[in-house]
Structures are given as structure tokens and as C-alpha cells.
Amino acid sequence: KPALRWRRPCTTSLQLPSVPDSVSAAVGSAVARELVPREAVLIDTREGAEAALPELLLARLLGIDCEGVALGRWGRLCLLQVATPKRVYLFDALCEGVIEAIRPALSGGSAAVKVMHDCREDASALLSQFDVSLSGVFDSQVAHTMLLEKEAIRPFQISLNELLKSTLQLENEKQVSLGHRMKEDPNIWFYRPLPDDLTAYAAQDVMYLPLLHRKLCDSLGEPSGGGVLARSQRYVDYAKMN
């Protein structure tokens with residue numbers, strides 16, 4: 001699996017790893033080509049975020065994740081990752097005006113389904129720090145719970161990495177090594193410039209969320225994922241209670 005690397009001469013564009021054969025075998029190569037992005041772009045200016053907004057507003061499906069320090073209402077959101085089927089955007093939340101510029105793509109101004117995993121603290125951070133009220137969230141942890149209920153299995157909390165492994169035969173190759181570093185230094189997402197291994201980790205955390213959505217909907221027998229969307233609203237509403 002090739003390493004994620006900076007593309008030249010543009011220092012803000014990254015080439016993403018190719019889709020592993022195991023993933024293509026699990027979902028079909030055509031579906032993988034349709035839903036897995038091929039590049040990532042780091043956005044650290046309001047102007048860059050404004051330029052990205054039209055693509056986000058036109059997308060029917062977005063994968064979203066957040067990184068930060070003690071992420072939640074009282075912590076600090078440092079990076080917002082948004083995946084479209086074409087590319088992953090890494091929005092630097094520490095730069096003035098970046099998150100505000102894409103607010104319409106995250107809230108009621110967007111008809112896109114936002115695929116997230118346990119969005120509660122992310123939703124809380126976005127609402128309290130940037131006045132962003134998420135809409136149209138498909139929470140993959142909620143979907144996993146519904147799958148277990150369908151099979152009469154007692155629900156349990158599952159990490160995104162575990163869900164990707166069990167559903168798509170995929171692992172974020174950066175998860176283990178960076179997991180130790182994040183425990184050793186909880187402020188790791190606050191430092192700038194972001195090192196290459198952190199941007200790689202962040203991009204790989206969201207690049208398969210649109211594909212995960214398709215796989216979970218197929219497993220539930222819900223092409224639109226409407227049931228998951230309805231139940232995920234409780235996770236989104238956590239932001240108003242926390």
C-alpha cells in the first residue's frame with residue numbers, strides 16, 4: 001500500500017493511498033472507484049475554504065470527522081476533515097474564517113448526507129465553537145447498533161477502525177502508532193505546521209466513510225439510510241445538552 005505523500009509543486013495537495021484489493025473485493029471495484037477519493041487538500045485560509053464550498057454543496061454524500069484537544073464543548077477543535085467521492089478536504093480550524101466559510105455545507109443549507117462515526121463530541125465542538133448545527137447526519141455507530149438489533153445481538157460501542165475492519169476489511173495504517181503518540185501528548189493536533197503523518201492519519205480517517213455508508217445501507221436493506229438518519233439525530237442533539 002503506497003504511503004500518502006505530498007504532491008509537487010503544490011504543497012497543499014496530497015495523493016491518497018490506492019484502494020486495497022481486499023476493499024475492492026468486498027464492495028466491487030466500480031463502487032470503490034465511485035466513492036473513494038483519490039487526493040487530499042489542506043485548506044488553511046478563508047479564501048481556500050470559500051473555493052471548496054461549491055463542491056461541498058453539490059455533493060450528495062460527505063464523510064466528516066474532527067480532530068482536536070479534549071474535543072467537545074469545552075475542548076478545542078483543531079482540524080475538520082470532509083471527504084467527497086473526489087477528494088478529502090482538511091480544513092484547519094485554527095485559522096480564522098476557515099470553518100465559518102463552509103458552515104452552509106455542514107448545516108441546514110446542505111442536502112448532503114453527512115457520514116460520521118459517533119458524532120456527539122464533534123457536533124458539540126462545532127456548535128459551541130463555530131455555531132455550526134449539523135444536519136442530515138448518518139452516524140455509522142448508530143447504523144452498527146441497528147445491524148446488531150436486526151440480528152438480535154446486544155449492541156455495543158465500536159470504534160471506527162474496528163467497524164472499517166469488520167465491514168470493509170480495512171485498517172487505518174496510521175492508527176496504532178499515532179494512537180500512542182496522542183495519548184502521550186494530548187495537544188498533538190494543536191501544533192502547526194501539521195506533520196505529514198498526522199495529515200495522513202486525518203485523511204485516511206474519512207476517505208472511506210462514503211463507501212462505509214453504502215456498505216451499511218446495503219446490509220440494513222435501506223438504500224437511503226433513512227432509519228439511520230432519523231436515529232442519528234439524537235447523537236446530533238447531544239450538542240445542545242452537553
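Visitor: Is Asp 118 buried, partly exposed or exposed?
Guide: This is a predicted model, where local features need pLDDT of at least 70, side-chain atom pairs count only at pLDDT 80 or more, and totals for chains, interfaces and linings use all residues. Residues are numbered from 1 along each chain as its sequence is written, and side-chain values use heavy atoms, with hydrogens and water left out. Buried means under 20% relative accessible area, exposed over 50%, and partly exposed in between (1.4 Å probe, protein chains only). Asp 118 comes in at 26%, so it is partly exposed.

Visitor: Which residue does Asp 118 meet in a salt bridge?
Guide: A salt bridge here is a side-chain nitrogen of Lys or Arg within 4 Å of a carboxyl oxygen of Asp or Glu. For Asp 118 the N to O distance is 2.8 Å, and the partner is Arg 120. At 22% relative accessibility, that partner is also partly exposed: Arg 120.

Visitor: How many residues apart in sequence are the parts that Arg 214 and Glu 34 tie together?
Guide: Their side chains meet in a salt bridge at 3.3 Å, N to O. Helices (H or I, at least four residues) and strands (E, at least two) are DSSP runs, numbered from the N terminus. Arg 214 sits in helix 11 (residues 209–220) and Glu 34 in helix 2 (residues 29–35), so the tied parts are apart by 180 residues.

Visitor: Which residues are linked in a network of salt bridges with Glu 39?
Guide: Take the pair whose closest N and O atoms are 2.5 Å apart, Glu 55 and Arg 87. Glu 55 is in helix 3 (residues 46–58) and Arg 87 in strand 6 (residues 87–92). Glu 39 is in a network with Glu 55 and Arg 87.
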